[in-house]
Amino acid sequence: MSPWGTLDGTSSARSVPRQESTEMPRLALYALIVCVLSVAAAVVSFTRGSFLGVVWVLLAGLSSNMCWYYVKRGKQEKSVTG
C-alpha cells in the first residue's frame, strides 16, 4: 500500500481525534476571578441597601468580557501554532 493513499485518492491512515488542551490562559483566569468577586460584592452591596452595587455590576460585565476575549484569543493562538 502506498504511503500517499489508495488508488481512488482516499487516505488509508486512520484519523485520530485531536485532544484539545483545557488549560485556560492566565489572564482569562484572573478576569474570571474578578468577575466572581465583583458579583459577590454587588450582591452584598444591594442587600445592604447601597447603590454602589451598580459599580460592581459594571465591573462584573467588564471582567466577564475580558475573560471571554482572553479565552477566544488563547484558542485562536493555539489553532494557528498547533
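## Exercises on a two-helix chain

The chain has an accessible surface of about 7200 Å², and carbon and sulfur atoms account for 64% of that area; such areas come from the Shrake-Rupley method with a 1.4 Å probe, and for residues only the protein chains shown count as cover. The model is predicted, so local features need pLDDT of at least 70 and side-chain atom pairs count only at pLDDT 80 or more, while totals for chains, interfaces and linings use all residues. Residues are numbered from 1 along each chain as its sequence is written, and side-chain values use heavy atoms, with hydrogens and water left out.

**Exercise 1.** Work out how many helices and strands the chain has.

*Solution.* Start with the rule: helices (H or I, at least four residues) and strands (E, at least two) are DSSP runs, numbered from the N terminus. Now apply it: the chain has two helices and zero strands. Helix α1 covers residues 26–47, and α2 covers 53–81.

**Exercise 2.** Decide whether S63, I33 and L37 are buried, partly exposed or exposed.

*Solution.* First, the cut-offs: buried means under 20% relative accessible area, exposed over 50%, and partly exposed in between (1.4 Å probe, protein chains only). Next, take each residue in turn.

- S63, in helix α2, is buried because its relative accessible area is 3%.
- I33, in helix α1, is partly exposed because its relative accessibility is 43%.
- L37, also found in helix α1, is exposed because its relative accessibility is 56%.

**Exercise 3.** Find which residues form the largest nonpolar core, and which helix gives the most to this core.

*Solution.* A nonpolar core is a set of buried Ala, Val, Leu, Ile, Met, Phe, Trp, Tyr and Cys residues joined through side-chain atoms within 4.5 Å. Here the largest one has five residues: A28, A31, C67, Y70 and V71. Both α1 and α2 supply at least two residues each, and α2 gives the most, with three.

**Exercise 4.** List what S63 and Y70 touch, not counting residues up to four places away in sequence.

*Solution.* Contact means heavy atoms within 4.5 Å. With that rule, S63 touches A31, V34, C35 and S38. Y70 touches P25, L27 and A28. For the whole chain, residues 24 or more positions apart account for 51% of the contacts with a separation of 6 or more.
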